[in-house]
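Q: Please take a close look at one part of this model, namely the packing of its secondary-structure elements. A formal account is preferred, with each term given its cut-offs.

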Amino acid sequence: MIDKVVNIGVQQSDIKKYELIYKTAEPYMRVRKNDVHIPLSYHYALRLLKEYPNADKDVVAAAIILHDTGWYSIDEEDIFSKGFGPNMMESDVRFLHEKEGVRLAGEVLEKLEYSDDFIQKVGVIIDGHDTRKFAQSLEDEIVRDADKLWRFSVTGVSVACDWFKYTPTEYIAHLERNSYPQLHLEASKRMAIEDLENTRKILLSHVI
């Protein structure tokens, strides 16, 4: 099976709690393929939480679900013309989507009656998840890695090829050259290698 749900070792009660965050944030999901990117990244985050049980799973889950909600506040033409071009991580829209993400995440979590301390912890991760050069905690590392790991899946490669006008083989080479070295955690690197090997086989990148 190409896309399978793995045993993530998270309690069903927690899953329901996290899915409530996702449902509450739904108005912000219908831009920039967030309704594909975010659930895939969330799934990777849950897998990483199984590998790193000392991490605060509630903070990680909320941060990965809400990390890209800020794109909702930005004109979609600007997202792709300014946020995906050369030096895209230094573009104004990248910083803006982080700031807006902090704001919208706060609104979602406040509506769900999370504490101010919890909201602040989530906001610290969202603010700078793309543009900051370093991670500030284990939870931050998990979120930053999960945000990238979806790219290594068949779906991630397919979406990115449409965004960046790469062929699958070209984008896989790009991942190996640029995205893989940015991963923080050993488990993330292992997942990336395994998933990219599967993606190669499915997309026949060893042939064309």
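A: Helices (H or I, at least four residues) and strands (E, at least two) are DSSP runs, numbered from the N terminus. On that basis the protein chain has 10 helices and 0 strands, and its elements run α-α-α-α-α-α-α-α-α-α from the N terminus on. The model is predicted, so local features need pLDDT of at least 70 and side-chain atom pairs pLDDT 80 or more, whereas totals for chains, interfaces and linings use all residues. Residues are numbered from 1 along each chain as its sequence is written, and side-chain values use heavy atoms, without hydrogens or water.

The packing around α3 may be taken first. Helix α1 (residues 12-24) packs against helix α3 (residues 57-66) at an angle of about 30°, with the axes 9 Å apart; axes are lines fitted to C-alpha atoms, for helices over the stretch in contact, and angles run from 0 to 180 degrees between N-to-C directions. This makes α1 roughly parallel to α3, where angles under 35 degrees count as roughly parallel, over 145 as roughly antiparallel, 65 to 115 as roughly perpendicular and the rest as oblique. The crossing of α1 and α3 is right-handed, meaning that the near helix is turned clockwise from the far one by less than a right angle (anticlockwise would be left-handed).

Helix α2 (residues 34-51) also packs against α3: their axes come within 9 Å and cross at roughly 160°. The two helices α2 and α3 are therefore roughly antiparallel, and their crossing is right-handed.

Helix α2 has a further contact, with helix α7 (residues 138-149), where the axes come within 8 Å and cross at roughly 130°. That angle makes α2 oblique to α7; this crossing, too, is right-handed.

Of the 208 residues of the protein chain, 49% count as buried, that is, under 20% relative accessible area (exposed is over 50%, partly exposed in between; 1.4 Å probe, protein chains only). One example lies in helix α5 (residues 92-111), which contains Gly-106. Gly-106 is buried because its relative accessibility is 13%. Its C-alpha is 8.4 Å from that of Val-122, although Gly-106 and Val-122 are 16 residues apart in sequence.

Val-207, by contrast, lies in the segment after α10 (186-203) and is exposed, with a relative accessible area of 58%.
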